[in-house]
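I opened a new notebook page for this chain. My plan is to go from the whole fold down to single residues.

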Amino acid sequence: MSGIVRKVFTYLLLPVAIVGLSYAIVKSVMAPVNFNKQKEYRESVAIERLKDLRTLQNAFKSEYGRYSPTIDSLKMFYETGKIKVVMRIGSADDSLAVVNTNKVKRRNPRIKPEELLELYRAGENLVFQIESLIPVKDTLFKGRPNFSIDSLAFIPFCGDSIQMASAIKTVSGVKVPLFEASMPYKSLLRGLDNQLRINLDAERKDTGRYPGLQVGSLTAPNNNAGNWE
């Protein structure tokens, strides 16, 4: 190697090679860090959406005794449906109120809760409950300015549809309504490092876990728990 070539390599090419190698090393180290950071952020948004879907499904079941098979029917339930709200007046631990209420009901077996309420407001010591039907949209998510029923069907950051299904299965001789809703990482983490996402999917499958986020289960009743809980 001539002196000129050696000097060019030493003073020009070698520093460039060192910088390039350093950049490659830093990039390889930071890639998983950045991937996990973005994964955690996307999961936090997705989990909130799955929790909202679960809340709406539970309200739907309280009215119809089953879970909705589609998100469209859940949206209609939210927009036009009503849920029963029970308001308890007085305390069941107040023995005098219980005795007095029983006396009032014996005098008038057909007395309505609204009439009991009038007596209560007039000073009678009573204990009873009133059931009311209230529009779903006036109760659920009322304090959530960022809630959007139109976004409920979609996996955030990609626009794919959430995978949801419901069924009624016999468990230990009892018919049990079940539902599950899923967001696969393939959709939720779209646009991030694809090889790291593939590795994550493989790791989840190897350990018998769903490769993504899921709430509820059609195969094993779990009280509608999320797999992040």
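**Entry 1: the whole chain.** Before counting, I noted what counts as an element: helices (H or I) are DSSP runs of at least four residues, strands (E) are runs of at least two, and the numbering starts at the N terminus. I also wrote down that this is a predicted model. By that rule I found six helices and five strands in the protein chain. I then read the order from the N terminus: α-α-β-α-α-β-β-β-α-α-β.

Next I looked up burial. The protein chain has 229 residues, and 32% of them count as buried. I checked the contacts too. Among those with a separation of 6 or more, 66% are between residues 24 or more positions apart. The accessible surface came to about 14500 Å². Carbon and sulfur atoms hold 56% of that surface.

**Entry 2: strands β3 and β4.** I went to β3, residues 163–171, and looked for its partner. It runs antiparallel to β4, and nine bridges join the two. One pair I picked out was T170, whose bridge partner in β4 is K175. The two strands make a hairpin, with two residues between them.

I stopped at S172, in the loop between β3 and β4. What is the phi of S172? It is positive, about 55°, although S172 is not a glycine. I noted the background: most residues other than glycine have a negative phi. Is S172 buried or exposed? Its relative accessibility is 78%, so I put it down as exposed. The cut-off for that word is over 50%.

**Entry 3: strands β4 and β5.** I followed β4, residues 174–184, to its other pairing. β4 and β5 are antiparallel as well, with five bridges. Across this pairing, A181 stands opposite V215 in β5.

Why do I call β5 largely enclosed by the rest of the structure? The strand covers residues 212–216, and five of its five residues are buried, so the description follows.

**Entry 4: after β5.** I looked at two residues in the segment that follows this strand. N223 is one of them. Its phi is positive, about 60°, and N223 is not a glycine. N223 has 76% relative accessibility, so it counts as exposed.

N224 is also in the segment after β5. Is N224 buried or exposed? At 10% relative accessibility, it counts as buried. The limit for buried is under 20%.

What does N224 touch, leaving out residues up to four places away in sequence? I listed R54, N58, Y67, F179, V215 and G216. V215 had already come up, as the residue opposite A181. I also checked N224 against E180. They are 44 residues apart along the chain, yet 7.6 Å separates their C-alpha atoms.

**Entry 5: the largest pocket.** Last, I looked for open space. The largest pocket holds about 160 Å³. Which residues line it? I wrote down V45, E48, R49, D52, R144, N146, F147, S148, S151 and L152. I then sorted the lining by type: three nonpolar, three polar and four charged.

**Recap.** I want to remember three things from this page. β4 pairs with β3 over nine bridges, and with β5 over five. N223 counts as exposed, whereas N224 counts as buried. S172, in the turn of the hairpin, has a positive phi.

How values were computed. Residues numbered from 1 in each chain as written. Predicted model: local features only at pLDDT ≥ 70, side-chain atom pairs only at ≥ 80, totals over all residues. Heavy atoms only, no water. Buried < 20%, exposed > 50% of the residue type's maximum accessible area, 1.4 Å probe, protein only. Pairing = 2+ DSSP bridges. 1 Å grid on protein atoms, 1.4 Å probe; cavity = no way out; pocket = protein on both sides within 12 Å on 5 of 7 lines; lining within 4 Å. Points joined across faces, edges and corners; volume = space filled by probe spheres on them. Nonpolar A, V, L, I, M, F, W, Y, C, P; charged D, E, K, R; others polar. Contact = heavy atoms within 4.5 Å. Areas by Shrake-Rupley, 256 points an atom, 1.4 Å probe, with all protein chains shown as cover.
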